[in-house]
2 protein chains.
Amino acid sequence: MVKSHLESKARTTRSPIPFDLFFNPRAVAILGVNESPYGGTYFLDILAKNDFPNPMYPVNPKLAGKKLLGYKVYESIGSLPDDPPIDLAIIAVPAKYTPGIIKELGEKGIPFAHIFSSGYSEVGSSTLEQELLDNARKYGVRIIGPNCVGGYNPRSRLAFTEGTSNVAGDVGFISQSGGNAIRLAYNGPTRGYYFSKAVSAGNQVDVDIVDFLAYFKDDPETRIIAMYIENVKQQGTRFIELLQETTSEKPVVIWKGGSSERGHSAVMSHTGGLAGNHRIWKGLAKQTGAILVDNFKELTETVQALSFYPLPKTRKVAIITAGGWLSVEGTDNCEKHGLVVPCVSKETQELMNKFVPPVNTNITNPFDLGAIGLGTEAFGQTVKILEGEPDISSIIMTHAPEKFADYAIAFKTDDFEGELIQNIVKAKPKDKLVISLPVLLQENMESVQARERFAKKLQEHKIMCFRSFGSAARCIKRIWEYHEFLESHK
Amino acid sequence: MVKSHLESKARTTRSPIPFDLFFNPRAVAILGVNESPYGGTYFLDILAKNDFPNPMYPVNPKLAGKKLLGYKVYESIGSLPDDPPIDLAIIAVPAKYTPGIIKELGEKGIPFAHIFSSGYSEVGSSTLEQELLDNARKYGVRIIGPNCVGGYNPRSRLAFTEGTSNVAGDVGFISQSGGNAIRLAYNGPTRGYYFSKAVSAGNQVDVDIVDFLAYFKDDPETRIIAMYIENVKQQGTRFIELLQETTSEKPVVIWKGGSSERGHSAVMSHTGGLAGNHRIWKGLAKQTGAILVDNFKELTETVQALSFYPLPKTRKVAIITAGGWLSVEGTDNCEKHGLVVPCVSKETQELMNKFVPPVNTNITNPFDLGAIGLGTEAFGQTVKILEGEPDISSIIMTHAPEKFADYAIAFKTDDFEGELIQNIVKAKPKDKLVISLPVLLQENMESVQARERFAKKLQEHKIMCFRSFGSAARCIKRIWEYHEFLESHK
């Protein structure tokens, strides 16, 4: 196996893999279809529902000539039409049959096999993986997987699960885990960012996450790269070099799974690999400029921030609240997570003094607007004034969406929420990260709904809503560190 | 001021303050009422709406003889009825008049003044506070505040904001901040725990949080004590002694606000005090057994956990998921936050093997149930089997509530959610913390609603739902440390 991996390395270093064919297949063969809705039939179904426009050929000798979901079933790979060329085979047959299928694909000239089937090294059996790889080399087929859900491309309508967005974006996601690939593919669009392409790499018997990184690095449709990595099986040196080359052009956010001792053992049974130590990954991130995150929430928040905002030039932040309790909590949590909440200039304080009353308020930063902060104007006014503080790169505001209905009555307006948002949006400086923290007093359904509605509306204006000061601060800090890396490597 | 504080210390150390009168006033005088809905009128309004059963006397010479919200307005404190005795005056007049009012209260024999008014040391003026204190001492009145919202007692229907629950519970909350007092009072009941009493202490010119701690320590209605502290103004030594005495009987959860450098300065303008260093508070917590938390979410989660569960005897945890991606994320985040995810015994593994298929699963802990984890039974079965692992004190399960509607169809059941919950509840061992983590793929309104509904249903069975593995792990770790403290101080 070691020898083959070295061969693989040499090979992939020489010439880039034509992943454009994988992500934009002109025709697709699907193996492992039957009358149950699972396995290959599942992929046929989701591609059909997703209006995948190119030919799809289900293959099963037992069902040959019949129709499945309206598609003619073929007897064998050899019997499939040649025009347009089949660029991808999706394989969901029992693991033991897969090496033989790779041979047939090669003979037919199909360049990519996505193997969905599991039952390889993740259950302790690596012989099959060796056979797969041997045949892949021998017959010139590149394998994605096994034990993975494959690729997603909103432009070509390739999909790895049902109901994903077909809005094309600029986030490329490489995930070793199918579960996390699907999770981010669903999550991104609900947060207002979209994908160029995404892929799950599974057990990486042949093609690995490093190969995909090389592709995304040069892919003009991809501006931000996100990765979920459990282990780098091969090409370690190339991975580090590639990361260094990539981060100077595009941010790379890495969530490393399995960095704890037992998490490591969970990886073994998940995608069959050995996970590395967390400290090694921290060092690697520091050296390469990759942005390392700890969990799914941080991954999606960081990608969203990179998608919505410019990089913060400083780690200085302004906090705007209506209530001293929140300004204290905000300042503590921002400073705890490495941000700075500086006292603002005399000029700014004087401008604030013009409209903020003296009692139960604070105009030095953190800003506590007191009772006037409950109106629709004071937040926007403060954001506007902060244009005069070039050193402050981020502004975190707290809001109380569950109270907006009451405030609408108190302030005699029909659309309190809309006015508040408009005033902030009008004032928002282009070079600052303007962020909201909708704080709930109650955590009942009505309050949560009010928060979600408000968050979605702000999102339309590229204003992110976090759920805690700590999350906001961690996210700002991480992308500020990336800015610092770029500055120091100019 | 120093002298008076020392006097105050000597005094409060000698005899306990009769806070039962403050929390259960037989009659209440309200000063600072007028035709606007704010100030004293607000308190009159919320107590009336809350069906406060005892007499309430609004006082305002300009409105004397008129009615306000149906209550007769009195000319002066001196003219108020004497029977039943007035135990509490709520004061919302401009700060400069408050020292004079304390004199009148003393002459009338009213023992407690809750001063809502602000404009004292938090805006840099401490002369008024000194006058207040001098008169309090001279005329025998105890002052809560100023700059605070006062007390809340579901049993007596005393309230500090509108719409709080009147279900009586066993959590006592002492908050220096009115905002945080109100926030927890609303938040607790939506999380399924309730209050014995709560109070905000504000600028603590006379009565302080240490006095309230002494009261809650001996209060038979209070089993769990929560505190939000910005600063301990006086009685520092007594505070430490009291904490030590209290934690051996009741857990004390402390959220210390203003522990960062600038948070500190935010405290100055919030409640007019000097905040202490975070490291000092960590040391104090370690020495006294207090449970220190960093923000509001951790405060309410910790109180909820203490309210729902026994203390965990170990920091060993089992993780049950349906998906390798989640078992890796869970294990990483639990270990990162100081928990242990041990491999389970051969016996447990054999029991698991009986119903969990071999591919795409893990039965050693973290448990990845694979596809059978999508049914209604496998989680309950696993929880049941874990009864045989006495060393594992906590069980964290992940669920996918947004998918329950699909699963109901796939598994042909009308009430997937209900069956799943029932199976877990039936299996739940009494001595373990059984916790759920509802994971969302999408973060749209429908998914969030599904999560909230599921969380509320689990909560009825005293099963907590966290939003991240990290939050769950931090919470378990903190209350396990309290268990360790108790064990080592037996």
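Colleague: Which residue is the bridge partner of A:Ser394 in S17(A)?

Modeller: The partner of A:Ser394 in that strand is A:Leu433. Strands here are DSSP runs (E, at least two residues), as are helices (H or I, at least four residues), and both are numbered from the N terminus.

Colleague: What kind of model is this, and how are things numbered?

Modeller: This is a predicted model, in which local features need pLDDT of at least 70 and side-chain atom pairs count only at pLDDT 80 or more, whereas totals for chains, interfaces and linings use all residues. Residues are numbered from 1 along each chain as its sequence is written, chains are lettered from A and ligands numbered from 1 in the order in which they are written, and side-chain values use heavy atoms, with hydrogens and water left out.

Colleague: Back to that strand. How many bridges join S16 and S17 of chain A?

Modeller: There are 6 bridges between S16 (residues 394-399) and S17 (residues 433-438) of chain A, and the two strands run parallel. Two strands pair if DSSP finds at least two bridges between them.

Colleague: In what order do the strands of that open sheet come?

Modeller: The order in chain A is S15-S14-S16-S17-S18, 5 strands with parallel pairing. At the edges are S15 (367-368) and S18 (464-465) of chain A, each of which pairs on one side only.

Colleague: And which order does the sheet of chain B have?

Modeller: In chain B, 5 strands form an open sheet in the order S15-S14-S16-S17-S18, again with parallel pairing. S14 (residues 317-321) of chain B pairs with S15(B) over 2 bridges, and B:Ile320 has B:Phe367 as its bridge partner in S15(B).

Colleague: What turn lays chain B on chain A?

Modeller: A turn of 180° with a shift of 0.0 Å along the axis does it, at an RMSD of 0.0 Å; that is the relation of a two-fold axis. The superposition is by least squares on the C-alpha atoms of residues with pLDDT of at least 70 in both copies. The same surface serves both copies, since 100% of the contact residues of chain B recur in chain A.

Colleague: How many residues does each chain give to the contact?

Modeller: Chain A and chain B each give 67 residues, contact meaning heavy atoms within 4.5 Å. About 5,000 Å² is buried between the chains, and carbon and sulfur atoms give 50% of that area. Buried area is the accessible area (1.4 Å probe) that the two parts lose on being put together, summed over both.

Colleague: Which three residues supply more of the area that chain B buries than any other three?

Modeller: They are B:Arg262, B:Trp325 and B:Glu443, which supply 15% of the area that chain B buries against chain A.

Colleague: With what does B:Glu443 form a salt bridge?

Modeller: B:Glu443 is bridged to A:Arg191, with the closest N and O atoms 2.9 Å apart. The two chains have 6 salt bridges between them, each a side-chain nitrogen of Lys or Arg within 4 Å of a carboxyl oxygen of Asp or Glu.

Colleague: Which element gives the largest share of chain B's side?

Modeller: H12(B) does, with 11 residues.

Colleague: New topic. Is the peptide bond from A:Gly145 to A:Pro146 cis or trans?

Modeller: That bond is cis, with omega near 0°, and A:Pro146 lies in the loop between S7 (142-144) and S8 (151-152) of chain A. In chain B the bond from B:Gly145 to B:Pro146 is cis as well.

Colleague: What phi does A:Asn147 have?

Modeller: A:Asn147 has a positive phi of about 65°, although it is not a glycine, and this residue is found in the loop between S7 and S8 of chain A. Most residues other than glycine have a negative phi, and most peptide bonds are trans.
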